[in-house]
Amino acid sequence: MRTRVPISWAKDQALLIGVVLTVVVAAIAAVGPLLIGMDANVPNYGAKLRPPSAEHCLGTDQYGRDQAARLMVGLRRSILSALIVLAGSMTVSLLVGVLAGLSPRWIDSLLGRVIDVLLAVPSLVLALAIVGLLGPGYANLLLALIVSSWAADARLARSLTMDLSHRPYITAARLSGVGTVGIALRHIVPAVVPRLSVVATLRLGGIVVSLAGLSFLGLGVQQPDAELGAMLGDARKFLTAAPWLLLVPATAILLMTTAANLIADGLHRRTAVRGRQ
């Protein structure tokens with residue numbers, strides 16, 4: 001007989017650190033711009049490239065804009081962007097995976113080939129191709145990352161759907177006259193979403209890095225709007241004259257990625273242990 005060993009959130013130090021980091025970063029992004037009281041996009045050419053001081057706690061950039069204000073606005077935009085990409089990718093994955101798992105064989109085969117083709121192309125290469133086709137821009141970048149990142153999770157959703165479709169309660173539902181749509185909405189989707197969410201969360205850190213990397217190349221948010229990757233791209237020209245311009249957004253990206261990875265790993269461990277019980 002197996003002994004169940006409950007996992008305490010408080011005792012899972014990595015998960016706890018990830019949650020604390022997430023709360024701190026989210027709080028800074030939410031209330032920081034209100035506390036700073038400065039417009040992140042308004043230039044002040046008389047205060048260009050000033051180091052951190054009492055007036056500008058994180059210094060100013062090449063246009064004299066307050067770096068702290070831009071950091072907090074960019075942090076908010078980066079967090080929302082990562083969540084939008086994750087939610088969009090999960091939605092497409094869930095729809096395609098459940099559809100493939102419950103459809104006739106020819107539809108399943110067709111969707112399977114589409115998934116295989118997308119998985120054969122590196123996601124960043126596909127995202128670059130989509131942005132190159134649509135043109136640089138914030139909305140186009142989000143769309144490109146969603147399109148390039150759903151295939152792996154769709155394969156998992158399909159596998160889970162096919163496994164669940166042979167369960168006795170699904171067979172009983174079919175015999176009682178419940179249609180395919182009803183089975184999907186009542187039984188399949190509620191069972192697939194929690195497992196898919198844990199796996200998808202493992203990619204959140206990678207999404208943050210991908211967003212920052214493509215924005216660094218100038219393919220995302222355009223001037224004068226602030227975004228962490230775009231701030232890094234602007235800072236590379238002033239690495240020796242104003243190193244704080246690089247350190248501030250780089251540290252923010254590092255904290256976001258660390259928090260996302262710690263939470264994802266913690267959730268994955270909890271799910272794995274529950275699955276063995």
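How much space lies in the largest cavity? About 80 Å³, in what is a predicted model. The legends below start with this cavity and then move on to other close-ups.

**View 1. The largest cavity and its lining.** Two cavities of 30 Å³ or more are counted in this model, and this view shows the largest cavity, with about 80 Å³ of space. Look for D61, Q62, R65, Q67, R70, M231, D234, A235 and L245, which line the largest cavity. Two elements, α2 and α10 (228-235), each give two or more residues to this lining. The largest share, three residues, comes from α10. Sorted by class, the lining of the largest cavity holds four charged, three nonpolar and two polar residues.

**View 2. The second largest cavity.** Here the space comes to about 30 Å³. Its lining is made up of S78, V208, L211, A212, E227 and L228. Helix α9 provides the largest share of the lining of the second largest cavity, with three residues. By class, the second largest cavity is lined by four nonpolar residues, one polar and one charged.

**View 3. A closer look at S78.** You have just met S78 in the lining of the second largest cavity; along the chain, S78 belongs to helix α2 (residues 67-102). Is S78 buried or exposed? With a relative accessibility of 6%, S78 counts as buried, because the cut-off for buried is under 20%. Setting aside neighbours within four places in sequence, the contacts of S78 are L211, E227, L228 and M256. Of these, L211, E227 and L228 also line the second largest cavity.

**View 4. Helix α4 and its buried side.** Helix α4 covers residues 123-134, twelve in number. From first C-alpha to last, α4 reaches 16 Å, close to the 16 Å expected at 1.5 Å a residue. Which residues of α4 are buried? They are L126, A127, I130 and V131. These buried residues lie on the same side of α4, because they cover an arc of only 135 degrees around the axis. As a reminder, an α-helix has 3.6 residues a turn, so residues three or four places apart point the same way. On the other side of α4, you will find G132 and L133 exposed.

**View 5. What packs around α4, and what follows it.** The buried residues of α4 pack against three helices: α3 (105-120), α5 (138-149) and α9 (204-216). Helix α9 may be familiar from View 2, where it gives three residues to the lining of the second largest cavity. Just after α4 comes G135, which takes a positive phi of about 100 degrees.

Note on methods
Residues are numbered from 1 along each chain as its sequence is written. This is a predicted model: local features need pLDDT of at least 70, side-chain atom pairs count only at pLDDT 80 or more; totals for chains, interfaces and linings use all residues. Side-chain values use heavy atoms; hydrogens and water are left out. Helices (H or I, at least four residues) and strands (E, at least two) are DSSP runs, numbered from the N terminus. The expected span of a helix is 1.5 Å times one less than its number of residues. Buried means under 20% relative accessible area, exposed over 50%, partly exposed in between (1.4 Å probe, protein chains only). The arc is that of the directions from the helix axis to the C-beta atoms. Contact means heavy atoms within 4.5 Å. On a 1 Å grid over the protein atoms alone, a cavity is a set of points where a 1.4 Å probe fits but cannot get out, and a pocket is an open set with protein on both sides within 12 Å along at least five of seven lines; lining residues have an atom within 4 Å of a point. Grid points are joined across faces, edges and corners, and a volume is the space filled by probe spheres set on the points. Ala, Val, Leu, Ile, Met, Phe, Trp, Tyr, Cys and Pro count as nonpolar, Asp, Glu, Lys and Arg as charged, and the others, Gly among them, as polar.
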